[in-house]
Amino acid sequence: MNERLHSTDGGPSHAPSSGSPGNAVMGVGQVMGHAVQLRAGPRPGIIRLWLQRRDRPANLVDDLMIDDLHRAIDALEAMSDLAGVLLESGGRDFLAGADLTRLDALRDPARSHGFSTAFHAATRRLERLDAPVVALIAGACMGGGFELALAADARLAVAGRFAIGCPEAAIGTMPGGGGTQRLPRLIGRLPALAMLAAGRTLDPDAAWDTGILDAPPFADIAAAETAAWQIIQAIHAGDPSVFRRPSSDEQSSSAGATAEEAGILSRARALRHRRPGVLATCTAVLDGQSLDLDAALALEAGRFAALMAQPEPHRLVAGGFLAGRALARGIGRPALPVLAPAAPRVRAGDGCAAVGIAGDGGAAPAMDGDVTLVVLTSSGPVSGPVVPAACPDGCMGVVVHGPGAEGLTVEVPAGLAPGRRRIAELLIPADATPGAMTAAMDRLRTSGFGVAAVPAAAGSVIRRLAGAGQAGLAALIADGWPPDRLHRALARAGFGWPLVPDALEGLADRAADGDDDRAAGVVAAAMRRAAADLVAVGVAPAVIDVLATQGAGWPAHLEPLSHPVVEERSGPS
């Protein structure tokens with residue numbers, strides 16, 4: 001409705017009254033999809049457009065969700081006495097974006113273009129609905145969920161610690177549901193460009209401060225619904241105070257890029273080879289703002305399809321977001337579920353207290369099958385494998401990386417970003433039972449670690465990969481590369497800590513050049529050889545690839561480390 005001229009002569013014929021709760025709108029119970037349902041609202045003429053997956057715990061945007069949205073809007077368009085729509089969610093999230101586990105289906109440009117345009121069509125129909133739509137946000141509202149909320153006439157949220165925004169550029173892709181076009185029209189081109197290029201999300205308070213929400217966060221959903229009712233009444237009454245921001249059909253700006261926008265665009269161009277989604281996002285924002293909304297959405301769909309046909313977005317999602325999630329759940333867990341009686345007690349052994357690993361304490365005697373965790377330490381830099389040679393029977397070695405691991409394995413430099421993941425590699429003896437593995441991994445997870453189980457004979461995967469990379473660095477320095485230049489070259493090529501100083505991660509002072517590529521080739525070749533050795537001793541390629549990007553500094557946009565690729569070695573020119 002936000003593109004229509006709202007009547008000021010008493011409102012449309014179906015303007016809501018202040019009657020008692022209840023709803024006589026016909027057909028509500030006939031739309032009960034697997035992802036979207038229509039439900040009676042709190043007042044006559046008000047319908048809840050209810051987002052709730054029946055087939056999975058999380059609300060995600062996929063073909064089923066889009067099809068259900070279209071069917072629900074069909075029903076809404078047919079309601080003669082519709083006064084307003086509350087866009088709400090019945091899940092723990094409002095709508096958490098696309099299903100990234102199925103991103104491979106979007107490699108085909110026709111498929112990704114069709115996905116984007118189908119979602120655009122649903123949001124345009126929602127905007128053109130002959131009744132106000134208010135989004136009520138009470139959980140994570142990201143990616144496609146945020147883009148759906150942007151199509152509403154107003155957005156309200158409850159107070160809480162959850163994210164609102166489009167994180168796509170940060171995880172390797174770009175918004176494809178209208179975010180690059182509607183957000184600039186809502187809050188202005190520069191703040192939208194900065195937010196979208198960084199993939200930054202906001203909490204409800206910050207979303208209100210930025211102009212995304214139409215009121216400060218509410219204490220609960222009931223208070224938000226009351227405010228939504230007042231907004232719907234004001235829209236029908238033609239109250240101009242409700243329209244303090246431009247409608248989504250207005251062009252944001254046809255002016256050239258400002259100096260600040262040019263700076264954001266320059267950085268995106270420097271990152272284009274390793275994070276092409278950032279540049280695609282920026283150019284979609286800047287190129288679309290001189291167009292009407294339909295043409296701008298068509299531009300976004302084309303840019304989205306072109307981006308998703310490239311390999312880098314898929315690698316970045318796999319090596320970043322999905323790898324992090326795999327670690328959080330525990331990678332290498334036994335495939336079959338382990339019954340509780342078979343799970344042994346886990347005791348915190350040597351070194352565990354220093355890194356915060358909890359164990360079953362007290363004076364209870366050890367029982368057969370109990371597992372003791374022993375944190376394995378070594379002195380000096382990351383250089384080689386750690387193997388549990390000194391672990392007695394009934395013990396499992398643990399190698400810890402990240403915050404809290406100072407002096408144990410990978411040393412944490414000063415100024416380490418507080419959000420860096422803590423990783424525990426659980427070194428599994430050949431005779432370990434599935435119950436012992438599961439119990440030990442669960443204990444590490446509850447102590448705040450991402451966990452990977454690896455064969456004890458292999459030692460620490462992260463140490464072996466990072467050690468190989470550092471050996472490559474040493475060879476380049478011996479060939480005449482100044483260390484500072486070398487670290488900057490690797491940072492531009494996408495390598496991370498511990499192979500480059502923490503302060504240089506994500507460096508984009510310029511695009512990588514031929515010298516950078518040669519240096520990266522040497523380090524990459526050394527790490528690939530180490531990965532091949534790990535596969536030979538029984539480490540699963542999936543475990544190698546997750547630990548490479550999450551802990552050993554491997555660039556997620558490159559071919560996964562366990563894949564054999566021949567690299568050439570050369571010194572600086």
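**Helix H15 against H16, and two cysteines**

I'll start with the helix contact: Leu473, Leu476 and Ile477 in H15 meet Pro483, Leu486 and Leu490 in H16. Sorted by residue type, the contact of H15 with H16 has 6 nonpolar residues, no polar and no charged. Before going on, note that this is a predicted model.

Now the geometry. Two packed helices are described by the angle between their axes and the distance between the axes. Here H15 covers residues 461-478 and H16 covers residues 483-492. Their axes come within 10 Å, and the crossing angle is roughly 135°. That angle makes H15 oblique to H16, because oblique takes in angles that are neither over 145 degrees, which would be roughly antiparallel, nor in the roughly perpendicular range of 65 to 115. As for handedness, H15 passes H16 in a right-handed crossing.

Second topic, the cysteines. How many disulfides does a search of the whole structure find? The search returns 0. Cysteine 141 is in no disulfide, and the nearest cysteine sulfur to it belongs to cysteine 166, 8.6 Å away. Taken from the other side, cysteine 166 is in no disulfide either, and its nearest cysteine sulfur is that of cysteine 141, at 8.6 Å. The cut-off for a disulfide is a sulfur pair within 2.5 Å, so a pair at 8.6 Å does not count.

Are these two cysteines buried or exposed? Cysteine 141 counts as buried because its relative accessibility is 0%. Cysteine 166 has a relative accessible area of 2%, so cysteine 166 is buried too. The limit applied there is under 20%.

Key
Residues numbered from 1 in each chain as written. Predicted model: local features only at pLDDT ≥ 70, side-chain atom pairs only at ≥ 80, totals over all residues. Heavy atoms only, no water. Buried < 20%, exposed > 50% of the residue type's maximum accessible area, 1.4 Å probe, protein only. Axes fitted to C-alpha atoms, helices over the stretch in contact; angles between N-to-C directions. Helix = DSSP H or I, 4+ residues; strand = E, 2+ residues; numbered from the N terminus. Parallel < 35°, antiparallel > 145°, perpendicular 65-115°, else oblique. Left-handed = near helix turned anticlockwise from the far one by under 90°. Contact = heavy atoms within 4.5 Å. Nonpolar A, V, L, I, M, F, W, Y, C, P; charged D, E, K, R; others polar.
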